[in-house]
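Here are some short exercises to work through with the model open beside you. Try each task before you read its solution.

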2 protein chains.
Amino acid sequence: MNSSSHSGLVTPPPEAAGGPRAADLFDRWALEALRRHAGQVPLRVRLANGPDLPPVSGPAVATVTINRRLTLLNLLRNPDVEFGEGFIAGDIEVEGDLVALLEAVYRAQEAAGALRPRHSSFSHSPKESRAQVQRHYDVGNDFYRLWLDSQLVYTCAYFPSPGTTLEAAQVAKMDLVCRKLRLRPGEHVIEAGCGWGALALHMAREYGVTVTAYNLSHEQIAYAQQRAAREGLRDRVAFIEDDYRAIHGSADAFVSVGMLEHVGPADYPVLAAVIRRVLGDGRGRGLLHFIGRSRPNPLHPWITKRIFPGAYPPTLVEAVGGVLEPANLTVLDVENLRLHYAETLDQWRRRFLAAAEDVRRVFGAPFERAWRLYLSGSQAAFMAGSLQLFQVVFAPASSNAIPWTRETADDDVMGGFGGGGPRSDDQL
Amino acid sequence: MNSSSHSGLVTPPPEAAGGPRAADLFDRWALEALRRHAGQVPLRVRLANGPDLPPVSGPAVATVTINRRLTLLNLLRNPDVEFGEGFIAGDIEVEGDLVALLEAVYRAQEAAGALRPRHSSFSHSPKESRAQVQRHYDVGNDFYRLWLDSQLVYTCAYFPSPGTTLEAAQVAKMDLVCRKLRLRPGEHVIEAGCGWGALALHMAREYGVTVTAYNLSHEQIAYAQQRAAREGLRDRVAFIEDDYRAIHGSADAFVSVGMLEHVGPADYPVLAAVIRRVLGDGRGRGLLHFIGRSRPNPLHPWITKRIFPGAYPPTLVEAVGGVLEPANLTVLDVENLRLHYAETLDQWRRRFLAAAEDVRRVFGAPFERAWRLYLSGSQAAFMAGSLQLFQVVFAPASSNAIPWTRETADDDVMGGFGGGGPRSDDQL
């Protein structure tokens, strides 16, 4: 709390003045405007040592306290960014359920059509990409170890049943990806954006493939290489600290989990050419796993500013139209795992909260608040449907080396019925 | 054979003339040009009573005989349309495997990029739609009974295993659609484009739902209504002879199997508005099943001319971007059943061939040849990947009444984990 620091642009009138005070009227108007921006959410909003507005109807989902009038003015100017800025500065405090509050706000905004439907066409140079990646992922492995699973998998998990733990759900996700790719021993896989290497190592260890895995984060690649050595997988998995644009050679399968969000739409043709080169015209297949949207919309501006500079979650149309169509790749299978990402984030957020004191001690309170807001807001966005999670399996459009059904056992099915589907043998 | 009718634009020189004949040189040039258009396909081409060109290399996949020089000239002018025209007139004959020949041609053309990548934006008035539908579907139920399955399902079947019969595969397809929609007893389903009513009746009989089903074909609706009466399902299934634009009321599920191909892209916003109105913002979900492309390309011009006037197979991008995004619907699941359509067409074509004599007797030889070419060419197009088959499941973007996983039993899952996915309950 910071209630004595009324140093905003609007100077409060002396406390002694009686009757209706101009500043108080202004504060009420500002708080109400702010609440209108949040949509029809039952919200209590108050200014410390100032007006206190109960929800318009029903019990409050949360109470938002604004500690400085300057923060209130900033919120009026740019609420989406300044809510986050005020929150990390400690000038905005939320009592109650932060996730439920944000979900209600996102739902109200989606329903009101308060979206900015336009898409982004920014392009990132390899140098920019490296800076953006390092900013987020090189915070330090010790930080992520506090709240990710034991294998440091920083993408949506897959929970086959409600009781699944986060550790098991990340393994289940890796198996889901491998099953969809129908990996067979001896095949070669190229992975773009491999994080701390868990999937590459899993594919090599459990499915007998060789993997070449790329990542721009120095800290993550160093960790992955150590782990490969420790597990005796150095001859089967090559970790390369480089950009997806540097990928060369061919492979039986291409996989990318959680990287497309960092590739600007303007660079999708470049990624398309890379995938096309990797898969050629043959029996190859690939999988893209990415955070997306149901309609074009930039990432939340505060997340862009503080957490993921340069990130853009594409719609399925933007991803398929931008990356697959130009490479004459066709979609074989799409699965939307949105609620699984909400569950993943719920588990990350709970672990993060349990470690919050350690985070504050090492990184400071603003950092801890920023990450708490980011995890809560992301969970809320997946709950509200502002964000979606797509897994897309694809192959060259004319390849008949594709699974016959989802259920068919792996060994039977590449190539459909007897290798290439039905074939006529009539004399017509 | 029609070898005495040399009545083309180019008058053949008298047979008596010796030495290299100008007409013969021209014929060779024309046959070679024609073969080049077909791509690198080992093909024997000959003009009746004229040149006979063996394949450039390897054994011939088929021999194409052109019986009239006029047909050869027409082929030079517009090969895609005039091959079909010559075939149905009996002026072009194919010895060997027609499906394999067409598949090889489509593959060669796809590989050579001999495509016309542009998309179509034509719009159909309800009257035009009715005329187009009646032309194809009102040929008569007796005709379709000759070669479709016993329930007259005229869309891609689903073959769980290689031994599945066509009859069983059509039932399996209907069950696949119903499982993907997670139908529950008492729900209401709206179907757009219901053919002879098999799916509507199956949903009502096997899943306990009520159905309102629309179709423009008078013959099909009459048949469906009789069948509903015979099966005692008239109080559960309403068949309505009308356009998708006339759909009104709301439903728990929207389904359309094999209709989107007949809706011009220019009318996708109209269909989007219809689906949005049917599903609202609630727990509804829908499924679109349609023939598509891996990249934008009009339907084969001869098929458009003779078989499906006004039809257009969209890419996944065109369908999702045109029909779902504007309605704020999100993709939950996509499955590509391309090889199942190749198998379905193989079975239809074999039944058709077995009944060819009956077809010729009733409808005439050109009609029989046209349908033989259409069924063969369609099978070839699915084999070559020129055509794809997409099943797309969707729901309002913010609905949490969606299946938790593909595997979860129906009753558990609408609403994810305990109705609406994970939910935070912390005081932050």
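**Exercise 1.** What rotation and what shift along its axis superpose chain A on chain B?

Before solving, some housekeeping. This is a predicted model, where local features need pLDDT of at least 70 and side-chain atom pairs count only at pLDDT 80 or more, while totals for chains, interfaces and linings use all residues. Residues are numbered from 1 along each chain as its sequence is written, and chains are lettered from A and ligands numbered from 1 in the order in which they are written.

*Solution.* Step one: superpose the copies by least squares on the C-alpha atoms of residues with pLDDT of at least 70 in both. Step two: read off the result, a rotation of 180° with 0.0 Å of shift along its axis, at an RMSD of 0.0 Å. Step three: name it; that is the relation of a two-fold axis.

**Exercise 2.** Work out which parts of chain A touch chain B.

*Solution.* Start with contacts, meaning residue pairs whose C-beta atoms, placed from the backbone, lie within 7 Å. Chain A puts in 53 residues and chain B 52 residues. On the chain A side, the elements giving two or more residues include α4 (98-111), α13 (338-354) and β10 (329-336). Helices here are DSSP runs of H or I with at least four residues, strands are E runs of at least two, and both are numbered from the N terminus. β10(A) gives the most, with seven residues. Finally, compare the two sides: 98% of the interface residues of chain A are also interface residues in chain B, so the copies meet through the same surface.

**Exercise 3.** Follow β10(A) and find its strand partners.

*Solution.* Two strands pair if DSSP finds at least two bridges between them. Inside its own chain, β10(A) pairs antiparallel with β11(A) (residues 388-396) over seven bridges. Across the interface, three bridges join β10(A) to β10(B), again antiparallel. Now zoom in on A:E335: A:Q391 of β11(A) stands opposite this residue, and so does B:D333 of β10(B). Likewise, A:D333 has B:E335 as its bridge partner in β10(B). As for burial, seven of the eight residues of β10(A) are buried, where buried means 20 or more other C-beta atoms (placed from the backbone) within 10 Å of a residue's own, exposed means 12 or fewer, and partly exposed is in between.

**Exercise 4.** Two residues of chain B have an unusual backbone angle; are B:R182 and B:N328 buried or partly exposed?

*Solution.* First, the background: most residues other than glycine have a negative phi. B:R182 has a positive phi of about 50° without being a glycine, and B:N328 likewise has a positive phi of about 50°. Next, place them: B:R182 is in the loop between α7 (166-181) and β5 (188-192) of chain B, while B:N328 is in the loop between α12 (316-324) and β10 of chain B. Then count neighbours. B:R182 has 21 C-beta neighbours inside 10 Å, so B:R182 counts as buried. B:N328 has 19, so B:N328 counts as partly exposed.

**Exercise 5.** Sort out the four-stranded sheet of chain A: which strands are at its edges?

*Solution.* Write down the order of this open sheet, β2-β1-β3-β4, with mixed pairing. The edge strands are β2 (52-53) and β4, each pairing on one side only. β4(A) pairs with β3(A) (residues 62-66) in the antiparallel sense over five bridges. One pair to check there is A:I66 with A:I92.
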